[in-house]
Amino acid sequence: MRIDIPEGQHPIEYVWGDMVPGIGMAAANFSLSVYAHTTLGLREFEAARLRVAQINGCVFCLDWRTEREGEKVEEEFSDAVTEWRTTDAFDERTRLAAEYAERYTLDHHGLDEEFWDRMTAHYSQLEIVELTMSIGSWLAFGRLNHVLGLDSVCALPGH
């Protein structure tokens with residue numbers, strides 16, 4: 001870890017809550033809202049989330065699997081996300097979610113009209129905004145935790 005954590009303190013709670021309570025709690029609430037209020041399907045949600053995790057290198061995010069009503073994506077899903085261009089495990093929405101996550105994370109200036117034409121053919125404007133905010137959350141907080149070395153001790157509250 002890059003931050004000194006006092007003995008007996010939980011690293012995530014200390015950094016996000018005690019060190020910067022005005023910022024950390026707002027960030028945590030935003031991060032949790034992405035999971036609590038999503039309208040996106042589990043597969044497209046996880047394809048985008050895992051692609052950001054793969055790029056960020058966040059250990060916790062790579063191991064985490066979102067669960068909804070007792071369901072998670074299959075074990076091989078992460079490998080399919082890595083191979084999003086060629087996998088036959090994805091429908092077009094799931095493939096686009098992984099592509100959007102990758103392009104947003106690595107080359108947001110390269111999101112051209114051809115991409116947006118494909119995106120708007122498969123996603124509503126509301127879904128695009130939701131996916132964009134979700135990707136932004138995962139990009140920011142996954143990188144924050146990885147850069148500070150917190151990702152090996154990270155746990156979402158209540159999990």
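**Close-ups of an all-helix chain**

Residues 24 or more positions apart supply 66% of the contacts in the chain that have a separation of 6 or more. That sets the scene for the views below, all taken from a predicted model.

**View 1. The whole chain, with eight helices and zero strands.** Follow the sequence from start to end and you read α-α-α-α-α-α-α-α. The radius of gyration is 16 Å, close to the 15 Å that the globule rule gives for 159 residues, so the chain is as compact as a globular protein of that length. Laid along its principal axes, the C-alpha trace covers about 50 × 30 × 25 Å. Burial applies to 46% of the 159 residues. What the chain exposes comes to about 8700 Å², with carbon and sulfur atoms supplying 54% of that area. On the charge side, there are 13 positive and 28 negative charges, and their mean positions sit 3 Å apart.

**View 2. Helix H1 and what covers it.** H1 takes in residues 11–19, and its buried residues are Pro11, Ile12, Tyr14, Val15, Trp16 and Gly17. The cover over these buried residues includes helix H2 (21–36) and helix H8 (125–147).

**View 3. Glu46, a buried acid in helix H3.** Helix H3 spans residues 42–56, and Glu46 is part of it. Is this side chain's residue buried or exposed? Glu46 counts as buried because its relative accessibility is 0%, and the cut-off for buried is under 20%. Within H3, the Glu46 side chain has a polar contact with the side chain of Arg49, at 2.6 Å. Leaving out residues up to four places away in sequence, Glu46 touches Trp64, Arg65, Thr66, Val73 and Phe77.

**View 4. Thr66, the loop partner of Glu46.** Thr66 sits in the loop between helix H4 (59–63) and helix H5 (77–82). Its relative accessibility is 5%, so Thr66 counts as buried. Which side chains does Thr66 meet through polar contacts? One is the side chain of Glu46, at 2.6 Å. Another is the side chain of Trp64, at 3.3 Å. Once residues up to four places away in sequence are set aside, Thr66 touches Tyr35, Leu42, Phe45, Glu46, Arg49, Glu71 and Lys72. Glu46 and Arg49, the pair from the previous view, both appear in that list.

**View 5. Glu69, with a positive phi.** Glu69 also belongs to the loop between H4 and H5. Its phi is near 50°, a positive value in a residue other than glycine. Glu69 counts as exposed because its relative accessible area is 83%, with the cut-off for exposed being over 50%. Set that beside Thr66 from the H4–H5 loop, which is buried at 5%.

**View 6. Thr87, in the loop ahead of helix H6.** Here we are in the loop between H5 and helix H6 (92–107), where Thr87 is found. At 12% relative accessibility, this threonine falls on the buried side, given the under-20% cut-off. A polar atom of the Thr87 side chain lies 3.0 Å from the backbone nitrogen of Ala89. Beyond residues up to four places away in sequence, Thr87 touches Ala80 and Arg95. For a sense of scale, go from Thr87 to Pro11: 76 residues in sequence, and 38 Å in space from C-alpha to C-alpha.

**View 7. Tyr104, a helix H6 tyrosine.** Tyr104 is located in helix H6. It is partly exposed, with a relative accessible area of 21%. Which residues does Tyr104 contact, leaving aside its neighbours within four places in sequence? They are Thr132, Ile135, Gly136 and Leu139. Its C-alpha is 17 Å from that of Cys61, which is 43 residues away along the chain.

**View 8. Thr120, in helix H7.** Helix H7 runs over residues 113–122, and Thr120 is in it. With a relative accessible area of 49%, Thr120 is partly exposed, since the exposed class takes values over 50%. The Thr120 side chain reaches the backbone oxygen of Asp117 at 3.3 Å. Between the C-alpha atoms of Thr120 and Met19 there are 41 Å, with 101 residues separating the two along the chain.

Key
Residues are numbered from 1 along each chain as its sequence is written. This is a predicted model: local features need pLDDT of at least 70, side-chain atom pairs count only at pLDDT 80 or more; totals for chains, interfaces and linings use all residues. Side-chain values use heavy atoms; hydrogens and water are left out. Helices (H or I, at least four residues) and strands (E, at least two) are DSSP runs, numbered from the N terminus. Buried means under 20% relative accessible area, exposed over 50%, partly exposed in between (1.4 Å probe, protein chains only). A polar contact is a pair of N or O atoms within 3.5 Å; within protein, one must be able to donate a hydrogen and the other to accept it, and residues adjacent in sequence count only if both atoms are side-chain atoms. Contact means heavy atoms within 4.5 Å. The radius of gyration is taken over C-alpha atoms; the globule rule is 2.2 Å times the number of residues to the power 0.38. Accessible areas come from the Shrake-Rupley method with a 1.4 Å probe; for residues, only the protein chains shown count as cover. Lys and Arg count as positive and Asp and Glu as negative; His and the chain ends are not counted. The place of a charge is taken as NZ of Lys, CZ of Arg, CG of Asp or CD of Glu.
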